[in-house]
Amino acid sequence: MLRFLDAGESHGKMLVAILEGFPSNVPIDIENINKQLQRRQIGFGRGTRMKIESDRIEIISGVRGGKTTGAPICISIKNKDYENWAEVMDFQKEYNEKITIPRPGHADLNGFLKYNLDDIRNVIERASARETAIRVAIGAICMELLKFFDVKFISRVVMIGNIEDFSYIDSYNEDLINKIESSPIRCLHKDIEKKMIKEIQIAKEIGETIGGAIEVIAFGVPVGLGSYSFYDRRMDYLISGAMMSIQGVKAVEIGNGIKSSKLYGSEFNDKIIFEDGRFSRKTNNLGGIEGGITNGMPIKVRLFMKPIPTTRREFETFDVHGNVVKSRYERSDVCAVPALAVIAENVLAYEVAKEMINKFAGDSLEDLLISFEHYINRVNRGEDYGRDNFSPAMQGQ
Ligand SMILES: Cc1cc2nc3c(=O)[nH]c(=O)nc-3n(C[C@H](O)[C@H](O)[C@H](O)COP(=O)(O)O)c2cc1C
Ligand SMILES: C=C(O[C@@H]1CC(C(=O)O)=C[C@@H](OP(=O)(O)O)[C@H]1O)C(=O)O
């Protein structure tokens, strides 16, 4: 079973993670991981912190001679900003300037009360979305594995404030990807991109922040990941939980889930097609998941992100002692929706890789591929594919 643990504070020395259960012999090109980290950092609307950081992964264990060994993969990403925070973050010497004014919308007040702290700084440090950098690195390692199964991802921004671009993408296409990757806001259409940028600029000028939505699609995921047999094996449970755990995400839609409640069953169902010995679907309203199991269509997920909680615009609030005070502002992103798209892509890669490893259980890449090939031959059977071609265990039954 694939799993990971991560640790690290936003302004601490570094972020670290251990990924366990990853198969051996998977080539790891560190520049591919760094590319994902870099993609997460760009995007119109980010604050000054992203000018300080230039995230790069360091591999500490589990990879040797360019390939995974099957041992736990330990990775880290340095926080360059630590240099400016060494005194504040010192693990021994207490820092005297405590933060006592919680920001609504952030974890500040709840974390302060829950952990019986005397400084909101301790909440901020771990609640921060800085943690998404290491999660992207984990997902990027999973992408290195998924390449062997031809699983590919597209992510883009579909909404900023009131500006929408829900145009339909049904296939993996390099041309589309180039357009998205060259857009400062990961928007597919230039005219809409301009309007989205304008929305962010207006928010910034008035000291406000703004949210939006993204879409991520995984192409090439085979039929049969996840299961209906138990709630926590359902693919939609796994994906939506992982996506909701990303800071600022307030809603997850799988396929055209929101529209579904307005349609008749026969309009919404994705009709079954059987052609050239393969099953597929006429449409993909369900976003590639039925009964908790992938159905071979692209997995399509939309995430809706609230506006960033920290605003430059001042307001009256309460400090932790119950005194009326002015709100506190240091620095902040105005919009992080483009970054969310990249995060979601990598978070989805982890969930898909985890279920691929569950389904095609093997300790090495070669074992996984043999199991995968056997399975794909079985499910994509042509009309002449008889029972004898099933696994040896089933022959003669
Ligand atoms: C990439 C990214 C960057 C973010 N940047 C900020 C930020 O600069 N300031 C801020 O207050 N919140 C920021 N957030 C959102 C907060 O981390 C988040 O709202 C907070 O941790 C509370 O969690 P919740 O919104 O999931 O309840 C960011 C989120 C993401 C995904
Ligand atoms: C550091 C990152 O995002 C941070 C997420 C974040 C928050 O409150 O979630 C607050 C900001 O941090 P700071 O207070 O240092 O400016 C963002 O920059 C990152 O994405 O790498």
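**Strand pairing, ligand surroundings and annotated sites**

I273 has S280 in strand 12 as its bridge partner. The model described here is a predicted one. The bridge belongs to the pairing of strand 11 (residues 272–275) with strand 12 (residues 278–281), which is antiparallel and runs over four bridges. In general, the strands of a sheet pair through backbone hydrogen bonds, either parallel or antiparallel. Two residues lie between the strands of this hairpin, where D276 takes a positive phi near 50°. Such a positive value is worth a look, as D276 is a residue other than glycine. D276 sits in the loop between strand 11 and strand 12 and counts as exposed because 8 C-beta neighbours lie inside 10 Å, where 12 or fewer make a residue exposed.

A positive phi also appears at N116, about 55° in this case, although N116 is not a glycine. The place of N116 is the loop between helix 4 (108–114) and helix 5. With 6 other C-beta atoms within 10 Å, N116 is exposed.

Attention now turns to a sheet elsewhere in the chain. Five strands form an open sheet in the order 8-7-9-15-10, with antiparallel pairing. Strand 8 (163–164) and strand 10 (249–254) stand at the edges and have a single partner strand each, so one side of each is left without a neighbour in the sheet. The partner of strand 8 is strand 7 (residues 152–160), to which two bridges join it in the antiparallel sense. In this pairing, M159 has E164 of strand 8 as its bridge partner. Helix 12 (residues 337–359) lies across strand 7, strand 9 (212–219) and strand 15 (299–305), and it runs at about 145° to strand 7.

What surrounds ligand 2? The residues around this ligand are S10, G47, R49, E53, S128, A129, R130, T132, A133, Q247, R331 and D333. By class, the shell around ligand 2 divides into two nonpolar, five polar and five charged residues.

The UniProt record, an unreviewed entry, carries a "binding site" annotation that covers R126, A127, S128, Q247, G248, G291, K306, P307, I308, P309, T310 and R331. Where do these positions lie relative to one another: gathered at one spot or spread apart? They span 206 residues in sequence, and the farthest two C-alpha atoms are 44.4 Å apart, so they do not all gather at one spot. Among the annotated positions are S128, Q247 and R331, and these residues are also found around ligand 2.

Two further annotated positions, A127 and G291, can be placed in more detail. A127 belongs to helix 5 (residues 121–127). Residues up to four places away in sequence aside, A127 touches H106, A107 and G111. A127 is partly exposed, with 18 other C-beta atoms within 10 Å. G291, by contrast, is placed in the loop between strand 13 (289–290) and strand 14 (293–294). G291 is partly exposed as well, with 13 other C-beta atoms within 10 Å.

Finally, S260 is found in helix 10 (residues 257–260). This residue has 16 C-beta neighbours inside 10 Å and so counts as partly exposed. Apart from neighbours within four places in sequence, S260 is in contact with F268 and N285. S260 and F219 are 22 Å apart in space, C-alpha to C-alpha, and 41 residues apart in sequence.

Notes: Residues numbered from 1 in each chain as written. Chains lettered and ligands numbered in written order. Predicted model: local features only at pLDDT ≥ 70, side-chain atom pairs only at ≥ 80, totals over all residues. Near = placed C-beta within 6 Å. Nonpolar A, V, L, I, M, F, W, Y, C, P; charged D, E, K, R; others polar. Pairing = 2+ DSSP bridges. UniProt positions renumbered as here; feature names shortened; annotations may be inferred. Buried ≥ 20, exposed ≤ 12 C-beta atoms within 10 Å, placed from the backbone. Contact = placed C-beta atoms within 7 Å. Axes fitted to C-alpha atoms, helices over the stretch in contact; angles between N-to-C directions.
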